[in-house]
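Let us take a walk through a protein chain together, pausing at a few places worth a look. Please keep the sequence and the 3D view at hand as we go.

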Amino acid sequence: MTEQTLTPLFMPINSSCGILEKARSAHEKYLIKQQESDLEQAIEYYVDAIKASPSLSEAYYRLASLLLIKGQISVSGALEQCKTALSLEPNNPNAHIYTGYFQCLNGDLDEAEKEFLSAISDSGKNSARPRLFLSKVLFNKIKMKHSNIKDVIKFLYYFISGSAMIMWDCPSLKMFYKFLANDFSVFSYLALGETFEKMKLFPSALEAYNKGLKKTEQGNLFYRKMGDLALECNNIDASLEYLKKAYELNPTDREILVKLATINQTYKPEEIDTTIDYYNSLLEFGEDADKIYYELGHLYLKKADKVNSASAFKLATELDPENPYYNNSLAYAYVKAELYDDAIEYYQKAIKLNPDAEWTSIVCHALGAIYAEIKENPTAAEAVFNAGMVLDPKNVDIQLSLGDLYMSQNDIDKAIKTYCDAISVDPLNYLTYAKAGLALWEKDYLEESVVAFHKSIEINPDFDISQNNLGVVYLDGYGDPKTAIEYFKNAVNINPNYTLAYFNIARSYQAMGNKSLSAEYYQITMDLNKITEDLSEKDIRKRIFELFE
């Protein structure tokens, strides 16, 4: 027979024991450090150990406990795993302890008591842990029903004996020592790093946290501290990298995910999709979902994603219908989606909730604008604007919009009064003077109009519209084209694409009899108007022809 190399059906015993030892080590690390990566690794090793040697009872009950923590099995599923472990090794005290623990979670205290008694019987002098577990079961049973002195004595016996025997329980003492040593190292490096931070010795603090990371392998904790430190030093990229590492080690740490989302949203506005992913991950925790949907709504707005922004704000309002800010944002999203009737409904609700007079006045402004510009309902718009001014008499923007509404209705007197009221509220607002100047011009109040436009330019010399409109008053009101040209040229210097200002320069030269320059500026106007489409090309051509008739 020729010699052949055959693949064994099962791994060698030594190999399976090695895998089990790795599983124990990862399990131990998880218990000490509570890092998700250790939990995942321990589960993987226990599964591999069972595959290598299906008769390892320890792997079944330990795997059951981790899968239960992970949420991948129920308590009844964990009990089934323990049943398998006990069928393989009926006298394994740890299998009985785990079974008893799962029975407690299942609410079956009588069965749990039996399991812990079996563990005590099989453990001998190392029965401290099952005794203490049993004492807790007995205490819970005492609380749940009327107990007699015998039950109390039984509880005290197992509690006192378990507490005394803990000194002979080697596994418990070993674990306690590791917990203590790890906690002391963590405390030492954290204290050192925080001391350096208080002294503003940030490089030294970072070095202390780095050493703590290497010494304790407590990555979730030290990466978080390093991330916070980098943020304090305004090193945003480093902060995000450290926090990402912390989150990778423990994806169940919601606080770190909140920091990642907040920092990315604040300092990386161009990475909207990444921030959206963070907030979507936060939704899986089931906490503050309304606030998360609210943030997502704003992020989708920045992406000009009308559907998702409206959906996110809608979910936020469903979770908290009485939140005025959610209702306002949903209304704004509907405006972007051109769903104006829905927008009106939610703006009205936000106004009714009225958390703050100044804020609600701004919402009134938005609602009034819809009535005025979209619904063409000046009566409703005026009512809402007036309500907003009652809420906040210092809201200049809403006063200007009301003045514009009166102008559109050709009610110039009311418009002038409203603009003047706005000036009295904010005498340094160049826009109020510009609008007042235009209304005064419409009423042929030339001197007052000139004063208003001059004041607007004095406050903001770079406001091209006031420069142009002042030129119009001088040209068409006073018949002074020379002075008018000065202001028209100021306007085009400020805004080289200001088609109307070029047109007015051409008109001024025409009025002065300078046909050559007038034609030149009409041609500039015509060329620019092909892009801006502000004027009638037919009118411009007609004026050019008139120059040479």
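**Where two helices meet**

Asn-468, Val-472, Leu-475 and Asp-476 in helix H25 meet Leu-500, Ala-501, Asn-504, Arg-507, Ser-508 and Ala-511 in helix H27. To find these helices, look for residues 464–477, which make up H25, and residues 499–512, which make up H27. Two packed helices are described by the angle between their axes and the distance between those axes. Here the angle is about 20°, and the axes lie 11 Å apart. Because angles under 35 degrees count as roughly parallel, H25 is roughly parallel to H27. The crossing of H25 past H27 is left-handed.

Now step back for the wider view. Keep in mind that this is a predicted model. The protein has 549 residues, and 44% of them count as buried. Its secondary structure comes to 29 helices and zero strands. Among contacts with a separation of 6 or more, 50% are between residues 24 or more positions apart.

Next, look at the aromatic rings. The structure holds 12 aromatic pairs. One of them joins Tyr-325 and Trp-359, whose ring centres are 4.8 Å apart and whose planes stand at 70°. Planes over 60 degrees apart count as edge-to-face, so this pair is edge-to-face. The pair links distant parts of the chain: Tyr-325 sits in helix H17 (residues 324–336) and Trp-359 in helix H19 (residues 357–374), 34 residues apart. Are these two residues buried or partly exposed? Tyr-325 is partly exposed, with a relative accessible area of 33%, whereas Trp-359 has 16% and counts as buried, because the cut-off for buried is under 20%.

Another aromatic pair, formed by Tyr-474 and Tyr-478, is tilted, with 6.0 Å from centre to centre and 40° between the planes. Tyr-474 counts as buried at 15% relative accessibility, while Tyr-478 counts as partly exposed at 39%. Elsewhere, ring pairs link Tyr-294, Phe-313 and Tyr-326 into a cluster.

Let us move on to Tyr-60, which you will find in helix H3 (residues 57–70). Its relative accessibility is 11%, so Tyr-60 counts as buried. Which residues does Tyr-60 contact, leaving aside neighbours within four places in sequence? They are Ile-50, Pro-54, Gln-81, Thr-84, Ala-85 and Leu-88. For a sense of distance, try Tyr-60 and Glu-80: they are 20 residues apart in sequence, and their C-alpha atoms are 9.4 Å apart in space.

Our last stop is Asn-529, in helix H28 (residues 515–532). With a relative accessible area of 6%, Asn-529 is buried. Where does the side chain of Asn-529 reach? It comes to 2.9 Å from the backbone nitrogen of Asp-534. Asp-534 is also among the residues that Asn-529 touches when those up to four places away in sequence are not counted. The others in that list are Thr-499, Leu-535, Glu-537 and Ile-540. Thr-499 may look familiar, as residues 499–512 form helix H27, where our walk began.

Notes
Residues are numbered from 1 along each chain as its sequence is written. This is a predicted model: local features need pLDDT of at least 70, side-chain atom pairs count only at pLDDT 80 or more; totals for chains, interfaces and linings use all residues. Side-chain values use heavy atoms; hydrogens and water are left out. Helices (H or I, at least four residues) and strands (E, at least two) are DSSP runs, numbered from the N terminus. Buried means under 20% relative accessible area, exposed over 50%, partly exposed in between (1.4 Å probe, protein chains only). A polar contact is a pair of N or O atoms within 3.5 Å; within protein, one must be able to donate a hydrogen and the other to accept it, and residues adjacent in sequence count only if both atoms are side-chain atoms. Contact means heavy atoms within 4.5 Å. Rings of Phe, Tyr and Trp (its six-membered ring) pair if their centres lie within 6.5 Å; planes under 30 degrees apart count as stacked, over 60 as edge-to-face and the rest as tilted. Axes are lines fitted to C-alpha atoms, for helices over the stretch in contact, and angles run from 0 to 180 degrees between N-to-C directions. Angles under 35 degrees count as roughly parallel, over 145 as roughly antiparallel, 65 to 115 as roughly perpendicular and the rest as oblique. A crossing is left-handed if the near helix is turned anticlockwise from the far one by less than a right angle, and right-handed if clockwise.
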